[in-house]
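Trainee: I should like to learn how the packing of secondary structure elements is read from a model. Could we begin with a pair of helices?

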Amino acid sequence: MKIHIEIVTGFLGAGKTSFINSLISESQVDGEKILILQLEHGEKKAVQSTNINYFVKVKEINEVKDIKSELIYLINEYNPNRVIIEYNGTSNLDELIDILNEKIYRECSKITTIFFVANGESLKKYIDNMGSFIIPFIQAANMIVVNNMDFGNKDILIDGLNKIRNINPKAYILKVDNKYTLKSALRKSKVLDNGLLKKLMIKFISYKNN
């Protein structure tokens with residue numbers, strides 16, 4: 001079974017690390033080993049409080065180019081079932097994708113999901129004024145998380161959501177009222193893989209490796 005790679009993108013302050021913590025809390029199954037690579041170092045750390053968080057390893061990476069040389073060694077060291085990459089929304093997404101599509105990584109891993117995390121209050125402004133940065137991330141995303149829907153002008157929020165739908169009509173859009181409802185919004189969406197099949201697969205891999 002190939003290692004699943006999930007990429008979490010978005011601008012600094014959009015809530016990426018909070019989303020990663022909630023994502024792990026709602027989708028990690030017993031025995032699943034997760035490697036987190038943080039290419040953006042905000043104030044919040046990706047260390048979540050779960051009874052299985054000892055299966056989570058966090059590594060900071062300074063530059064995207066460092067992934068090319070370090071990821072294969074980190075995979076060999078930690079043998080993760082899953083890799084989550086926190087990626088700055090002003091960097092070049094193609095540079096990361098090109099590295100992950102190299103043969104050495106394609107043979108052992110696959111990109112399964114790209115998340116784009118946005119602050120609903122500033123979403124429309126960013127699309128209007130920084131489209132060259134933000135639009136490629138929206139286009140590539142499988143799931144778009146729009147935080148802080150409780151705040152800001154409602155018309156501006158709706159306009160931002162409509163712009164997202166026009167840019168990427170296929171993506172699943174998760175609307176989050178505020179930071180306190182992120183986990184429950186993920187749980188209610190029922191789009192995360194934490195089911196029986198995944199649990200059985202992780203147990204089988206763990207048994208096979210022992």
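Mentor: We may. This is a predicted model. Helices α5 and α7 are oblique to each other, because their angle of about 55 degrees falls outside the ranges for roughly parallel, antiparallel or perpendicular axes.

Trainee: Which quantities describe such a pair in general, and what is the distance between the axes here?

Mentor: Two packed helices are described by the angle between their axes and by the distance between those axes. For α5 (residues 120-129) and α7, the axes are 8 Å apart. The crossing of α5 and α7 is left-handed.

Trainee: Which residues of α5 and α7 meet?

Mentor: From α5, the residues are G120, E121, L123, K124, I127 and D128; from α7, they are I156, L157, D159, G160, L161, K163, I164 and I167. Sorted by class, this contact of α5 with α7 has 7 nonpolar, 2 polar and 5 charged residues.

Trainee: At what angle do α2 and α3 pack?

Mentor: Helix α2 (residues 64-78) packs with α3 at about 10 degrees, and their axes are 9 Å apart. That angle makes α2 roughly parallel to α3. In the contact, V64, K65, I67, K68 and L71 of α2 meet E95, L96, I99 and L100 of α3. By class there are 6 nonpolar, no polar and 3 charged residues in the contact of α2 with α3.

Trainee: Let us turn to the sheet. In what order do the strands lie?

Mentor: The open sheet has 7 strands in the order β3-β2-β4-β1-β5-β6-β7, with parallel pairing. Its edge strands are β3 (56-60) and β7, each of which pairs on one side only. From one strand to the next, the twist averages 20 degrees.

Trainee: How many bridges join β4 to β1, and how many join β4 to β2?

Mentor: Strand β1 (residues 3-10) is joined to β4 by 7 bridges, and V8 stands opposite E86 in β4. Strand β2 (residues 34-38) is joined to β4 by 5 bridges, with I36 having I84 as its bridge partner. β1 also pairs with β5 (residues 109-119) in the parallel sense over 7 bridges, where I5 stands opposite I111.

Trainee: Which helices lie on this sheet?

Mentor: Among them, α7 (residues 154-167) packs on the sheet and touches β6 and β7, its direction making about 165 degrees with that of β7. Helix α3 (residues 93-100) lies across β1, β4 and β5, running at about 175 degrees to β1.

Trainee: How should the two faces of a strand be read, and are those of β4 covered or open?

Mentor: In a regular strand the side chains alternate between the two faces of the sheet. In β4, R82, I84, E86 and N88 on one side are buried, as are V83, I85 and Y87 on the other, and both faces are covered. Accordingly, 7 of the 7 residues of β4 (residues 82-88) are buried.

Trainee: For single residues, is N147 buried or exposed, and is Y180 buried or exposed?

Mentor: N147, in strand β6 (residues 143-147), counts as buried because its relative accessible area of 8% is under 20%. Leaving aside neighbours within four places in sequence, N147 is in contact with A14, G15, V117, A118, N119, G120, V176 and L182. Y180 counts as exposed because its relative accessibility of 70% is over 50%. Y180 lies in the loop between β7 (172-175) and α8 (182-189).

Trainee: How far is Y180 from N148 in space?

Mentor: Their C-alpha atoms are 9.7 Å apart, while Y180 and N148 are 32 residues apart in sequence.

Note on methods. Residues numbered from 1 in each chain as written. Predicted model: local features only at pLDDT ≥ 70, side-chain atom pairs only at ≥ 80, totals over all residues. Heavy atoms only, no water. Buried < 20%, exposed > 50% of the residue type's maximum accessible area, 1.4 Å probe, protein only. Helix = DSSP H or I, 4+ residues; strand = E, 2+ residues; numbered from the N terminus. Pairing = 2+ DSSP bridges. Contact = heavy atoms within 4.5 Å. Axes fitted to C-alpha atoms, helices over the stretch in contact; angles between N-to-C directions. Parallel < 35°, antiparallel > 145°, perpendicular 65-115°, else oblique. Nonpolar A, V, L, I, M, F, W, Y, C, P; charged D, E, K, R; others polar. Left-handed = near helix turned anticlockwise from the far one by under 90°.
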